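Welcome! Please take a moment to look over the protein below, and then we will walk through a few of its features together.

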Amino acid sequence: NENSYKGSQMIDLSQNPFPMQQIYSEIQALVDFLSTEIQPRYIFEIGVDEGGTAWIWYQLICTYGYLWLLDKTIKKGPKTYFEQLPNVSITEGDSGTPKIVKEMFEKVDKPLDMLYIDGEHSLPYVISDFFNYKDLVKQGGIIVFHDLYLVGELVGVTTLWNNLKKKYKTIEFLDTKPTNLPVGIGVLWNE
């Protein structure tokens with residue numbers, strides 16, 4: 001059935017041809033949650049980097065959805081890979097500029113099930129990405145943030161997340177082992 005969700009099959013993260021900056025247990029928990037609870041078809045990722053999460057989102061949507069990717073620059077390997085796929089749109093540019101915001105609102109022609117924010121981590125950028133693009137997400141859709149609990153200078157995600165979770169329904173996927181890496185994936189419902 002063309003309307004049935006195809007992303008619910010198990011996604012083997014070890015088959016991902018692209019590197020990921022995520023902690024395995026956190027991204028696996030998110031993937032399991034998305035596959036069983038959200039079943040997204042229309043996903044927009046800000047901050048593609050090396051393409052690791054974009055590959056996961058593509059496995060979730062299969063051929064029945066659409067994936068929009070945005071980053072200042074996308075590395076050659078993932079760019080070449082995703083350009084060949086019929087249901088993926090790639091945009092290179094600064095997510096905070098009015099030109100790119102306008103372009104993305106023209107390109108994203110379906111209400112999003114999921115917006116994944118993992119671009120610049122400074123507070124002005126994270127605030128800009130959230131408020132510039134949240135209206136693309138359908139009522140009841142989700143906005144996902146990576147690196148909830150950064151340390152050092154780039155605590156923008158942490159600051160915004162701590163404010164948003166007071167106002168929105170949220171869940172967090174956190175690795176329980178101490179690490180030097182930024183940790184945490186947060187899901188916020190757009191209600």
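K134 is buried (under 20% relative accessible area, with a 1.4 Å probe and protein chains only; over 50% is exposed, and in between is partly exposed). Yet K134 has no salt bridge (a side-chain nitrogen of Lys or Arg within 4 Å of a carboxyl oxygen of Asp or Glu). The nearest side chain of opposite charge, D135, is 4.1 Å away; Lys and Arg count as positive and Asp and Glu as negative, while His and the chain ends are not counted.

This is a predicted model, where local features need pLDDT of at least 70, side-chain atom pairs count only at pLDDT 80 or more, and totals for chains, interfaces and linings use all residues. Residues are numbered from 1 along each chain as its sequence is written, and side-chain values use heavy atoms, with hydrogens and water left out.

**Around K134**
- You will find K134 in the loop between α5 (123–133) and β5 (137–149); helices (H or I, at least four residues) and strands (E, at least two) are DSSP runs, numbered from the N terminus.
- Leaving aside neighbours within four places in sequence, K134 is in contact (heavy atoms within 4.5 Å) with L115, D129, I143, Y168 and N190.

**Salt bridges**
- A search of the whole structure finds seven salt bridges.
- One of them joins K75 and D49, whose closest N and O atoms are 3.5 Å apart.
- K75 sits in the loop between β2 and α3 (76–83) and D49 in the loop between β1 (42–46) and α2, so this pair ties together parts that are 26 residues apart in sequence.
- E120 also forms a salt bridge, with K72, at 3.3 Å between the closest N and O atoms.
- This pair links distant parts of the chain, 48 residues apart: E120 in the loop between β4 and α5, and K72 in the loop between β2 and α3.
- E120 is partly exposed, because its relative accessible area is 36%.

**Nonpolar cores**
- The largest nonpolar core (buried Ala, Val, Leu, Ile, Met, Phe, Trp, Tyr and Cys residues joined through side-chain atoms within 4.5 Å) has 32 residues.
- L30, W57 and F82 have the most contacts inside this core.
- The largest share of the core, seven residues, comes from α2.
- A second, separate core of 24 residues includes L70, M104, I117 and L136.

**A buried serine**
- S128 lies in helix α5.
- S128 counts as buried because its relative accessible area is 18%.
- Not counting residues up to four places away in sequence, S128 touches G96 and Y133.
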